[in-house]
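I opened this model to take notes at the bench. I wanted to know what I could read from it, and where I should stop reading.

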Amino acid sequence: HPERKNYDLSSIEAIAYGGAPAAPELVRKIREEFGALPGNGWGMTETMATVTGHSSEDYLNRPDSCGPPVAVADLKIMSEDGSRELPTGEIGELWARGPMVVKGYWNNPEATAETFVDGWVKTGDLARLDEEGWCYIADRAKDMIIRGGENIYSSEVENVLYDHPAVTDAALPDRPAASATRRRAGGRRPPCARNAGERGRTAGVGGRTPRQVQSPGEDRVHA
C-alpha cells in the first residue's frame with residue numbers, strides 16, 4: 001500500500017490467511033515487510049476446514065507447501081481412476097481422511113458415492129507429498145492444462161509471474177493452441193508482459209511459457 005511507510009506495524013507478530021494458496025513470493029514478503037511470521041493451511045467444506053497446517057519458520061522454508069496433515073488426518077495421492085496409491089513425489093488426486101470428514105452429501109447418494117470412499121474424501125485437487133509427508137497443491141484437476149501431451153499446472157506458471165515486482169495478481173487459463181497471440185491496444189506490452197516468457201524459461205518451467213500475456217485495466221478486473 002502506498003501509505004504503508006506512514007504506519008508502525010511492528011506489533012504484528014503473525015499473519016495467517018486461508019481460502020486459497022498463496023504465491024511463495026507473498027509468503028516471503030510477509031516476513032520482509034512486516035517482520036511477522038506467515039500462516040496458512042488446506043481444507044475444504046467436506047472436511048470442515050483444516051486438514052493441513054503451515055506456519056512460522058516451516059512455512060518460510062517451504063513456501064510452496066500447504067503443510068503436513070494435522071495430527072488426526074491422513075493424506076494420500078491416488079491415480080486418476082482411484083485404483084492405486086502413487087509413490088512419494090508423484091502428482092495425482094489428493095485424498096484425505098480423518099474425523100473432520102463429513103459422511104456424505106445431504107439427500108444426494110450419487111454424489112456421496114462418487115466423492116467418499118471407505119472414509120476417504122476425493123478432494124479434486126492435484127497434489128504431491130514429499131518424503132516427510134508435506135503436501136504441495138499443484139492445481140484443481142479440472143483446471144489442469146494439457147499442452148503438447150504435457151500436464152501444466154496453473155500455479156506453477158502463476159508463481160513465476162508473481163515473482164515479478166510489477167505483478168499483483170495472475171491467472172493462467174487455457175486457450176486453443178492454434179489461436180494467434182494478440183497484443184493489447186496500441187501494440188505496446190508492459191514490462192511484466194515482455195519479461196513473462198523469459199521468466200518462465202529461467203525458472204525451469206520451459207515448455208510452459210505463456211502463449212499470451214494480457215494486462216487488463218483495473219476496470220476489467222473482477223473478483
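**Entry 1: an odd backbone angle.** I began with Ala-49, which has its place in strand 3. This is a predicted model, and I keep that in mind throughout. I looked up the phi of Ala-49 and found it near 85°, a positive value in a residue other than glycine. Is Ala-49 buried or exposed? Neither word fits: its relative accessibility is 44%, so Ala-49 counts as partly exposed.

I then looked for a positive phi elsewhere. Asp-118 has one, near 50°, and Asp-118 is not a glycine either. I located Asp-118 in the loop between strand 6 (116-117) and strand 7. Its relative accessibility is 74%, so I noted Asp-118 as exposed. A glycine went on the list too: Gly-35 follows helix 1 and has a positive phi near 70°.

**Entry 2: helix 1.** While there, I checked burial along helix 1, which covers residues 24-34. Pro-24, Glu-25, Val-27 and Ile-30 are buried in this helix.

**Entry 3: the sheet around strand 3.** Next I traced the sheet. Three strands make an open sheet with mixed pairing, in the order 1-2-3. Why do strand 1 and strand 3 each have one side without a neighbour in the sheet? Strand 1 (14-16) and strand 3 (49-55) stand at the edges, and each has a single partner strand, so one side of each stays unpaired in the sheet. I looked up the angle between neighbouring strands here: 20° on average, with direction ignored.

I followed strand 1 into strand 2. Strand 2 spans residues 37-44, and the two strands pair in the parallel sense over three bridges. In this pairing I found Ala-16 opposite Gly-39 of strand 2.

**Entry 4: Thr-52.** I went back to strand 3 for Thr-52, which is found there. Its relative accessibility is 1%, so it counts as buried. What does its side chain reach? It reaches the backbone nitrogen of Trp-42 at 2.9 Å. A polar atom of the Thr-52 side chain also lies 2.7 Å from the backbone oxygen of Cys-66. I wrote down the contacts of Thr-52, leaving aside neighbours within four places in sequence. Among them are Gly-41, Gly-67, Pro-68, Pro-69, Val-70 and Leu-75.

**Entry 5: the nonpolar core.** Trp-42 came up again when I turned to the largest nonpolar core, which has 17 residues. Which residues have the most contacts inside it? They are Trp-42, Val-51, Leu-75, Ile-77, Leu-94, Ala-96 and Cys-135. I asked which strands feed this core. Strand 2, strand 4, strand 5 (92-97) and strand 7 (120-129) each supply at least two residues. Strand 7 gives the largest share, three residues.

I picked Ala-96 for a closer look. Not counting residues up to four places away in sequence, Ala-96 touches Trp-42, Val-51, Asp-74, Leu-75, Val-101, Gly-119, Trp-120, Val-121 and Thr-123.

**Entry 6: strand 4.** Strand 4 covers residues 74-78. Four of its five residues are buried, so the rest of the structure largely encloses this strand. Strand 4 pairs with strand 5 in the antiparallel sense over five bridges. Met-78 stands opposite Glu-93 in strand 5.

**Entry 7: confidence.** Last, I looked up how far to trust what I see. The protein chain averages a pLDDT of 78, and 65% of the residues score at least 70. Which elements have the highest and the lowest mean pLDDT? Strand 4 has the highest, at 98, and helix 5 (residues 191-202) has the lowest, at 51.

Two stretches got a warning mark in my notes. Over residues 178-190 pLDDT stays under 50, and the model has 13 contacts beyond four places in sequence for them. Over residues 200-204 pLDDT also stays under 50, with six such contacts. Where pLDDT is low, predicted coordinates should not be read in detail.

**Entry 8: whole-chain tally.** I closed with totals. The protein chain has five helices and ten strands. Of its 223 residues, 36% are buried. I also checked contacts between residues at least 6 apart in sequence: 48% of them join residues at least 24 apart.

Technical notes: Residues numbered from 1 in each chain as written. Predicted model: local features only at pLDDT ≥ 70, side-chain atom pairs only at ≥ 80, totals over all residues. Heavy atoms only, no water. Pairing = 2+ DSSP bridges. Axes fitted to C-alpha atoms, helices over the stretch in contact; angles between N-to-C directions. Buried < 20%, exposed > 50% of the residue type's maximum accessible area, 1.4 Å probe, protein only. Polar contact = N/O pair within 3.5 Å; in protein donor to acceptor, adjacent residues only side chain to side chain. Contact = heavy atoms within 4.5 Å. pLDDT = per-residue confidence, 0-100. Core = buried A, V, L, I, M, F, W, Y, C linked by side-chain atoms within 4.5 Å.
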